[in-house]
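Visitor: I am new to this structure. Please take me through a single part of it, the second largest pocket, and then show me what else is worth a look.

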Amino acid sequence: MSTKDEIVKSVPQNGFVGHPKGLFTLFFTEFWERFSYYGMRAILIFFMYYELHEGGLGLDRGTANSIMAIYGSMVYMSGILGGWIADRILGTRRTIFYGGVFIMFGHFLLALPGGVSMLFVSMFFIVIGTGLLKPNISSIVGDMYSETDSRRDAGFSIFYMGINMGSFLAPLIVGTIGQKYNFHLGFGLAGIGMFIGLIIYKLTEKKYLGIAGLQVNNPLLPEERKKVFTRFGIIALLIIIAGAIGIKTGVLTMNVFSLIITTLGIVIPTVFFIYMYRSEKTTKDEKSRVLAYIPLFISAVMFWAIQEQGATILATFADGRTQLDIGGFHIQSSWFQSLNPLFVVTMAPLFAMLWLKWGDKQPSTPRKFAYALFFAGMSFVVMMIPAYLSGGTDLVSPLWLVLSFFLVVVGELLLSPVGLSATTKLAPKAFAAQTMSLWFLTSAAAQAINAQLVKVYEVVSEFTYFGFLGSLSIVLGIIILVLSPIISKAMRGIN
């Protein structure tokens, strides 16, 4: 097994804006992966609920929103499986490639006119593919730098820019093609994006990545393989049989499936917390930090529950309740999905400079989480104004959505990078990797809960919906702010 020093030495250390050449490979692979994913996501909700004569599937809007939430939750849950496969079987390099292949096939299947059945098959491929690729590509970025390399944080920042550049351009390009011409053509374009990413990856990985990601960190022993594969096979078979029986008898409806996902989204992280806290490998100080992490986890779930509705509730609001014709120019409703990455790219450097300037005087982690909840809550509270002024029927100015997206991104920059950092610091040493998976489960849990919340949007007024969730986020933020000294103390010296 290769050591960290051997991995770093094998990577050409200069050549891409002063960084290891491998960053070029990973930057553009991730750029095109995000282009494909966010391009598909920008038009998927409309494809599901537009009528058949409009090129859609004709599903009711509530069901479409629920499917989108379930989809997002499963994408984040699948990252646990992707990390395990990389660590125990394939290594990160091969896992990333196979993930990209799955994603590409998923998009190309969506490009075919196959109805609802094809939709679910394509979703399966994209969920598995994203779970294989997403957590592992970030891991290789870290592998290219030594622990003391001063370029490390800057390297991740450049990589993060690739993510957001792909996310920004995709809705503008894929969204326009999908909505103006044909949804299937848009999905095909997303698939081509992933294909381009795979070509770049395969043409440059050997030359630029050295041996990074080739090793299997904790390979299955020969005697373990048969036992593990047998268990996986049995579990998969039981799930398929149960699903087939449920569908055949009419028991497994979309509502029942969404409840199952919601339950898993809550139960899985709960089991994680209990297991880590009760483990003999967790020290007394680490147990205290695990307890301190719980309110941060709950805060993150509340935040992502609002943020992720930008692709569901706010997307449908943009499509049906927003004035899209301005001075003879038509705005595609999918374009609003570019606002989030645009604001992230423009404001992230400002936040980085702010924390650097404040140094030790900057707010504690719990206080940053509290402020993030305030901004998330306000992003929904401001939507009460157009909902009220329009009477719930008239078209409203697109600037309301711009303001809402802006406010939630301010919250995201207070919570997302801070949460990643806090997770690595608060994690018990024996559960470092699993705790990082736990952080990603905040998004999975949020979207699992959203699978139920989006149904409420169809039966209450917009004013009530935005007001309740926005106020709930603000109230939770106040609670976290009040408890922040206690949480900070329980973090046992971690800031």
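Guide: The lining of the second largest pocket holds nine nonpolar residues, two polar ones and no charged ones. The model is predicted. Glycine counts as polar here, so G265 is not among the nonpolar residues of this lining. The other lining residues are I266, P269, T270, F273, I294, F297, I298, V301, A445 and I449. The volume of this pocket is about 180 Å³.

Three helices each supply at least two of the lining residues: α9 (254-278), α10 (284-307) and α16 (432-457). Helix α9 gives the largest share, five residues.

Now turn to the enclosed spaces. There are three cavities of 30 Å³ or more. The largest cavity contains about 70 Å³ of space. Around it stand Y37, R41, M68, A69, Y71, G72, E308, A311, T312 and Q447. Two elements, α2 (22-49) and α3 (61-90), give two or more residues each. Helix α3 gives the most, with four. By class, this lining has five nonpolar, three polar and two charged residues. The pocket lining, by contrast, has no charged residues.

Last, the surface. V475, I478, I479, V482, L483 and I486 form a nonpolar patch there. Together they have about 530 Å² of accessible area. Take I479 as one of them. I479 sits in helix α17, which covers residues 462-490. Its relative accessibility is 42%, so I479 counts as partly exposed.

Methods: Residues are numbered from 1 along each chain as its sequence is written. This is a predicted model: local features need pLDDT of at least 70, side-chain atom pairs count only at pLDDT 80 or more; totals for chains, interfaces and linings use all residues. Side-chain values use heavy atoms; hydrogens and water are left out. Patches are made of residues with over 30% relative accessible area and no salt bridge: like charges are joined within 9 Å, nonpolar side chains (Val, Leu, Ile, Met, Phe, Trp, Tyr) within 5 Å. Accessible areas come from the Shrake-Rupley method with a 1.4 Å probe; for residues, only the protein chains shown count as cover. A salt bridge is a side-chain nitrogen of Lys or Arg within 4 Å of a carboxyl oxygen of Asp or Glu. Buried means under 20% relative accessible area, exposed over 50%, partly exposed in between (1.4 Å probe, protein chains only). On a 1 Å grid over the protein atoms alone, a cavity is a set of points where a 1.4 Å probe fits but cannot get out, and a pocket is an open set with protein on both sides within 12 Å along at least five of seven lines; lining residues have an atom within 4 Å of a point. Grid points are joined across faces, edges and corners, and a volume is the space filled by probe spheres set on the points.
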